[in-house]
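Trainee: I am new to this structure and should like to go through it step by step. May we begin once it is in view?

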Amino acid sequence: MYAFEYHRPSSLDEAVALLTSDDIKLLAGGQTLIPTLKQRLAMPDALVDLGRIEALKGIRTEGDSIVIGARTTHAEVAASEEVRAAIPALARLAGLIGDPQVRNRGTIGGSVANADPAADYPAAVVGLGATIHTNQRTIPGDSFFEDLFTTALDDNELITAVAFPIPQAAAYEKFANPASGYAVVGVMVAKTAGGPRVGVTGAGPCAFRAPALEEALAGAFTPEAAKGVSMPATGLNADIHASAEYRAALISVLASRAVAAIG
Amino acid sequence: MSIAITMTVNGREVSGSVEPRTLLVEFLREHLRLTGTHVGCDTSQCGACVVLMDGASVKSCTTLAVQGDGATITTIEGLANGTTLHPMQQAFNDHHGLQCGFCTPGMVMSAIDLVARVPNPTDADIRKGLDGNLCRCTGYQNILRAVKAGAQGMQTGMGG
Ligand SMILES: Cc1cc2nc3c(=O)[nH]c(=O)nc-3n(C[C@H](O)[C@H](O)[C@H](O)COP(=O)(O)OP(=O)(O)OC[C@H]3O[C@@H](n4cnc5c(N)ncnc54)[C@H](O)[C@@H]3O)c2cc1C
Ligand code: FES
Ligand code: FES
């Protein structure tokens, strides 16, 4: 690791005031950033540690949404009675991330900001129609992920919380890479007042909705309807773990399993 | 830039002055000379470096020492009571849960975290609980037996 300076603000305002250049990075759980620093893929001048900002922690119900502070760990979301009661699929998703130690440190804000194509939370952000709250504005989940590791966040914009509308029912199914735990493909299916929603991660450069599946499920909310949709492989990821065609097939298969799980 | 930090490690208050890039595992091994915590991969994969931070298991190779400022840390050296091994250590001994022993400190710390959350773990719970720990000697079957016995030992306060 190259040397860097370190700041540990105790309030959001202090943190934002410290973000004066591109070369200053936020540190949340460090489960992605610290390995990146070790590999010297990033060499920031300074880190601003969000670890002591209490306002960024915690889970609360606000109206029809579950609002999760950016600094909330995957383990806290997985264990939260509030999340398990309102959106069990989200608690399950959090409990499938990486391993226990990654879940004890990694945070929802870090995961969403990082926008790894194989990360789990992005499937929930688009699949459940979440809203990203930042220090400046709110961003609809549908337009948050733009490309590989690219989001709608401006430089030096800080995620404060992610708000998930409570669906009528939802399920998350993931085909995990056995070594890393990351999603080769992960699919969140939600039944909502506005109709079915399907969020896909792992398959493309960033998470996306699958309108073809949503339409099929609006017609008949059955596993067969989901399996009957043949997803195009164009533009999907291909690597040593899976071809684009295999990922395309997995989307329909996992969507049908999620529908079956919803029942 | 050097930062003064203080933490409680194995019941003892310690302080030091570290660069921000110093990893928690470096602070433990090189500053405090607690070399029971190992570095296997240094890339967050193997779990040889697992310690308890405020009661939760973390990979100390993927935590900065400054992030641990003010925290309570337990390493493998902090488990035994004098010459009496912790029930989980005793169970690894009794059930041959180690071959070369390199992964063992991390395995034991992860297992203790697991049992704190799931007092009577099933085989599936144990496998999931040790997801973040790799054993290069691949002694997984005996590790599984050891953790099962260790969990019972922790309930009764005896060696497994
Ligand atoms: C072994 C291993 C296995 C893993 N497996 C999985 C998996 O199966 N599924 C999965 O989804 N993930 C997985 N991860 C990634 C893990 O979930 C990370 O915790 C997560 O990607 C980043 O969260 P963090 O809090 O650690 O962020 P950090 O590493 O601290 O930060 C990541 C990035 O986000 C930025 N950032 C952090 N917080 C904010 C904020 N509030 N606002 C704006 N920007 C912010 C940082 O500047 C940095 O660029 C794995 C990681 C490891 C090491
Ligand atoms: S040395 Fe920390 S996970 Fe391998
Ligand atoms: S006993 Fe040798 S690495 Fe596990």
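Mentor: Domain bounds here come from an automatic or database domain assignment. This is a predicted model, in which local features need pLDDT of at least 70 and side-chain atom pairs count only at pLDDT 80 or more, while totals for chains, interfaces and linings use all residues. Residues are numbered from 1 along each chain as its sequence is written, chains are lettered from A and ligands numbered from 1 in the order in which they are written, and side-chain values use heavy atoms, with hydrogens and water left out.

Trainee: How far apart do the centres of domain 1 of chain A and domain 2 of chain A lie?

Mentor: The assignment for chain A gives domain 1 as 1–52 and domain 2 as 169–262. Taken over C-alpha atoms, the distance between the two centres is 34 Å.

Trainee: Which radius of gyration does chain A have, and why does it agree with a compact globule?

Mentor: Chain A holds eleven helices and 14 strands, which are DSSP runs numbered from the N terminus (helices: H or I, at least four residues; strands: E, at least two). Its C-alpha trace spans about 55 × 45 × 30 Å along the principal axes. The radius of gyration is taken over C-alpha atoms, and the globule rule is 2.2 Å times the number of residues to the power 0.38. For 263 residues a compact globule would have a value near 18 Å, and chain A agrees because its own value is 18 Å.

Trainee: Which residues does A:Phe221 touch, leaving out those up to four places away in sequence?

Mentor: A:Phe221 sits in the loop between α9 (211–219) and α10 (223–227) of chain A. Its C-alpha atom is 9.2 Å from that of A:Ala260, although the two are 39 residues apart along the chain. With contact meaning heavy atoms within 4.5 Å, the residues touched are A:Val189, A:Lys191, A:Pro196, A:Val259 and A:Ile262.

Trainee: With which residue does A:Arg209 form a salt bridge?

Mentor: A salt bridge is a side-chain nitrogen of Lys or Arg within 4 Å of a carboxyl oxygen of Asp or Glu, and the structure holds 16 of them over all chains. For A:Arg209, the closest N and O atoms are 2.8 Å apart, and the partner is A:Asp142. A:Arg209 lies in strand β14 (residues 208–209) and the partner in the loop between β7 (138–140) and β8 (145–147), so parts 67 residues apart in sequence are tied together by A:Arg209 and A:Asp142.

Trainee: How much area do chain A and chain B bury between them?

Mentor: The contact takes 25 residues from chain A and 29 residues from chain B. Buried area is the accessible area (1.4 Å probe) that two parts lose on being put together, summed over both. Carbon and sulfur atoms account for 53% of a total of about 2,100 Å².

Trainee: Which element gives the most to the side of chain A that touches chain B?

Mentor: Across this interface there are three salt bridges, including that of B:Lys59 with A:Asp99 at 2.6 Å, N to O. Twelve residue pairs are in polar contact, both at pLDDT 80 or more; such a contact is a pair of N or O atoms within 3.5 Å, where within protein one must be able to donate a hydrogen and the other to accept it, and residues adjacent in sequence count only if both atoms are side-chain atoms. On the side of chain A, β1 (5–7), α2 (33–38), β3 (46–49) and α6 (100–105) each supply at least two residues. The greatest contribution, five residues, comes from α6(A).

Trainee: How many helices and strands are there in chain B?

Mentor: Along the sequence, chain B follows the pattern β-β-α-β-β-β-α-α-α-α. The count is five helices and five strands.

Trainee: What area is buried between domain 1 of chain B and domain 2 of chain B?

Mentor: Domain 1 covers 3–78 and domain 2 covers 87–156, with 21 Å between their C-alpha centres. The contact takes 18 residues from domain 1 and 13 residues from domain 2. The rule finds zero salt bridges across this interface, but five residue pairs in polar contact. Carbon and sulfur atoms give 62% of the buried area, which is about 1,100 Å².
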